[in-house]
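Please look through the strands of this model with attention to how they pair and where their side chains point.

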Amino acid sequence: MKRILLFLLLVATSSIADGRFAQPVINSEAQLRSVVISHTGNRPDNNVFGLELMTDSQELFLKSHDVASMLLASRFWEPELRRLTVKVNGHKVVFLADNRFINVDGKGVMLRAPVYLHEGDLWLPMEAVTSIFPALTGQSVQWDRARGRLEYGTALYNVRSLTVESGNRVTFAKLHCSKKIMWRTDTPTSSTVRLKLYGALVDTSIVKLEKESGLLSNVSVVQLEEYALVTFKLNRTVNSFRTFSEKEGNAIVLQLEETRKIDLPAPRARGYVNMAKPMAAIDGTESISIKTIVIDAGHGGLDAGKIGTRGTQEKTINLNLAEILSRKFRSAGFDVVLTRDSDILIDLDVRSERANLSGGDLMISLHCNGWFNSKPNGIETWFFQPELTTPPGAGGFVRWERVQELHLVNSSDLAEIIQKSLIDETDATSRGVKRESFKVLRGANMPAVLVETGFLSNSKEEKKLSSKRYLSRLADGIVEAVIIFRDKHQKTEEATP
Ligand SMILES: [Zn+2]
């Protein structure tokens, strides 16, 4: 009884809202009309019939049973309340018999025609079928009155799915589209490729990737009014990418490639380091052994670094110099570790971590400079400038990102020696030794410096840096400096107290 009262209250409320009590005035002469429900995909057409149940309107009504089978929806009929709940795709639509008021996911919607209870089923006006369900199912519902066809399942979305295929060091991510879509690509960070798809409507429930697949770590979509942004997060070993269209524009493909991995231990979890080396500041008087030199060629892969007026890319010069330098160090009897030996991008933290894990005794990071005008030129050598004034060893630990602070005395000395030796060797302008809180240096548990070998914004220097002969002279300057540094700090047995 209580439920009936509730129903009456509901009817009363809706009647007040629509200003008219929807009487079940059914056209007694309503003719059967044949309706073909057609679906895309493999489902066969379904022949049903509709009725024009209203005396004053041509609105066609369909049985809720037929509509639910079309939508693959489930129905719950509560005879006491004369209430039908249709559940589809996680949504809930509630119809009341002989009422224009329906409830879609808790929100009231007013139809022009009521829903009629007739011959043991609720009959839904075509208006409800075509206007309510597309948004809930993501599929279009189109009524072609002249042909008597109700077409269901032509997706509203024009970007309908994402597939990922991976092979040896290559991953293809394909966006499947129902029409030709224009796109633009950018790389907001070194490990992100973003596609801006103009006029795209992306089915965000399908076009996404939440776990790693091939060289992709995830894919997310932001749908905006005029375009959609699809963001591909890349595995850090990705070295190059390209986008192209396939299937006459009906697929946009992002191709990711990685080059061969460098032969170094994988970086381990960060946090507190517990390395073999002393965890107290080194004042420069201790004997230190210099055997393994870590050479870090700055930038790489998607990150070109500075770009010269002639188009020279910093990443290439850094790598060329690293290669020459490593040969010269080896022939001088040192062991060499390269943080990268190919055109690949590695995070700054990972570079210093690799230096530590490979047992490096000294680290040299190679870079080129650039400025807004062509005037500046010359060489600079940098060592680390801490950002914090508190001592790094508080609490008995030295956090990995502060470990360079233990080596500042030696790093400073190394920087001075390298700077002088480079100028002696090349006659370039000396811009001196400088300090900065470079991220690549801060986690290195060894004396570490960063050398800016010249300005790519200066065409003369750009030209010099492009020649192997000049790079060879730079390399000589660095190797000689390291020998001087080693001999100064690596004390002989007799000299050690
Ligand atoms: Zn650089």
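Two strands are taken to pair if DSSP finds at least two bridges between them. In this predicted model, strand β14, residues 182–186, meets that description with β15, since the two pair in the antiparallel sense over five bridges, and a hairpin of five residues leads from β14 into β15. Within this pairing, Met182 stands opposite Tyr198 of β15.

Strand β15 also pairs with strand β17, residues 227–234, again in the antiparallel sense, here over seven bridges, and Val193 stands opposite Phe232 of β17. In a regular strand the side chains alternate between the two faces of the sheet. Along β15, which covers residues 192–198, Val193, Leu195 and Leu197 point to one face and are buried, whereas Thr192, Arg194, Lys196 and Tyr198 point to the other face and are not buried.

Further along the chain, six strands form an open sheet with mixed pairing, in the order β21-β20-β22-β25-β23-β24. Its edges are β21, residues 335–338, and β24, residues 430–436, each of which pairs on one side only, and from one strand to the next the twist averages 25 degrees. Inside that order, β20 (residues 292–297) and β22 (residues 362–369) pair in the parallel sense over five bridges, with Leu362 of β22 as the bridge partner of Ile293. Helix α4, residues 314–331, packs on this sheet, where the helix touches β20, β21, β22 and β25 (448–455), and its direction makes about 145 degrees with that of β22.

Methods. Residues numbered from 1 in each chain as written. Predicted model: local features only at pLDDT ≥ 70, side-chain atom pairs only at ≥ 80, totals over all residues. Helix = DSSP H or I, 4+ residues; strand = E, 2+ residues; numbered from the N terminus. Axes fitted to C-alpha atoms, helices over the stretch in contact; angles between N-to-C directions. Contact = placed C-beta atoms within 7 Å. Buried ≥ 20, exposed ≤ 12 C-beta atoms within 10 Å, placed from the backbone.
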